[in-house]
Amino acid sequence: MSLADEKRTSWNIHKTAHFKVFFKSIDDLRVFNSKVICRKNVVKGNTISDVVKNKLDLIFEEVEKILGMHNPRFGKTSFKIFSDKKSLDRECLRKRPKQEPMIAWYEPGEDSVYCQVGDVSVGMVAHEIAHSIVDKYLMVPPPRETAEILARYVDREITKGI
Ligand SMILES: [Zn+2]
């Protein structure tokens, strides 16, 4: 897809209890759903977008539980699912020009998770959601190193719970 084509394909936005989910196509949601696997819970929904929405909320609530960080006033995190590595890398270059491209990241200023369908897993999704929760829960955001320790702990633990 050329840059011009990509710009013409606008984002679809679906709201869930905890997220604003941005995605380009239902096919992307299908791939996302097949890669983000919850073994212990059957995630229900009438459509693929309902299943993905319910799955993201389930993961969010499990991450809250692991961290012991609950706050009913958390705003909705933007969760941006790109279609491929090329478009995510381009976005990464725009947001963080000094860094190497990343497979996924959390953007604290805008409370957004960035990822692409080719590279997702339940651990990775939980990891980025952990960054969002830690950032919103603590009045003073922890040092980057501490946040990373917490997020890594969550991505190891998540599969035990869901
Ligand atoms: Zn991290």
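Student: In which loop is Asp111 found?
Tutor: This is a predicted model, in which local features need pLDDT of at least 70 and side-chain atom pairs count only at pLDDT 80 or more, while totals for chains, interfaces and linings use all residues. Residues are numbered from 1 along each chain as its sequence is written. Helices (H or I, at least four residues) and strands (E, at least two) are DSSP runs, numbered from the N terminus. In these terms, Asp111 is found in the loop between E4 and E5.

Student: What is the phi of Asp111?
Tutor: Most residues other than glycine have a negative phi. Asp111 is not a glycine, and yet its phi is positive, at about 50°.

Student: Why does Asp111 count as partly exposed?
Tutor: A residue is buried if 20 or more other C-beta atoms, placed from the backbone, lie within 10 Å of its own, exposed if 12 or fewer do, and partly exposed in between. Asp111 falls in the middle class because its count of C-beta neighbours inside 10 Å is 18.

Student: Is Pro72, in the loop between H3 and E3, buried or exposed?
Tutor: The C-alpha atom of Pro72 is separated by 10.0 Å from that of His18, which lies 54 residues away along the chain. Since there are 4 other C-beta atoms within 10 Å of Pro72, this residue is exposed.

Student: What span should the 20 residues of H3 have at 1.5 Å a residue?
Tutor: The expected span of a helix is 1.5 Å times one less than its number of residues. The end C-alpha atoms of H3 are 29 Å apart, which agrees with the expected 28 Å.

Student: Which residue with a positive phi follows H3?
Tutor: H3 covers residues 48-67. The residue that follows H3 has a phi near 65°, and this residue is Gly68.

Student: At roughly what angle do the axes of H3 and H5 cross?
Tutor: Axes are lines fitted to C-alpha atoms, for helices over the stretch in contact, and angles run from 0 to 180 degrees between N-to-C directions. The crossing of H3 and H5 is right-handed, a term used when the near helix is turned clockwise from the far one by less than a right angle. The two axes come within 9 Å and cross at roughly 60°.

Student: How many nonpolar residues are in the contact of H3 with H5?
Tutor: Residues are in contact if their C-beta atoms, placed from the backbone, lie within 7 Å. The H3 side includes Ile59, Phe60 and Val63, while the H5 side includes Ala126, Ile129 and Ala130. Ala, Val, Leu, Ile, Met, Phe, Trp, Tyr, Cys and Pro count as nonpolar, Asp, Glu, Lys and Arg as charged, and the others, Gly among them, as polar. By these classes the contact has no polar residue and 1 charged one, and its nonpolar residues number 11.

Student: Which helix gives the largest share of the largest nonpolar core?
Tutor: A nonpolar core is a set of buried Ala, Val, Leu, Ile, Met, Phe, Trp, Tyr and Cys residues joined through C-beta atoms within 7 Å. The largest one has 35 residues, and Ile59, Val63, Ala126, Ile129 and Ala130 have the most contacts inside it. The largest share, 7 residues, comes from helix H5.

Student: Which residues does Ile129 touch, not counting those up to four places away in sequence?
Tutor: Ile129 is one of the buried residues of H5, which pack against H3, E3, E4, E5 and H6. With that exclusion, Ile129 touches Ile59, Phe60, Val63 and Val113.

Notes. Contact = placed C-beta atoms within 7 Å.
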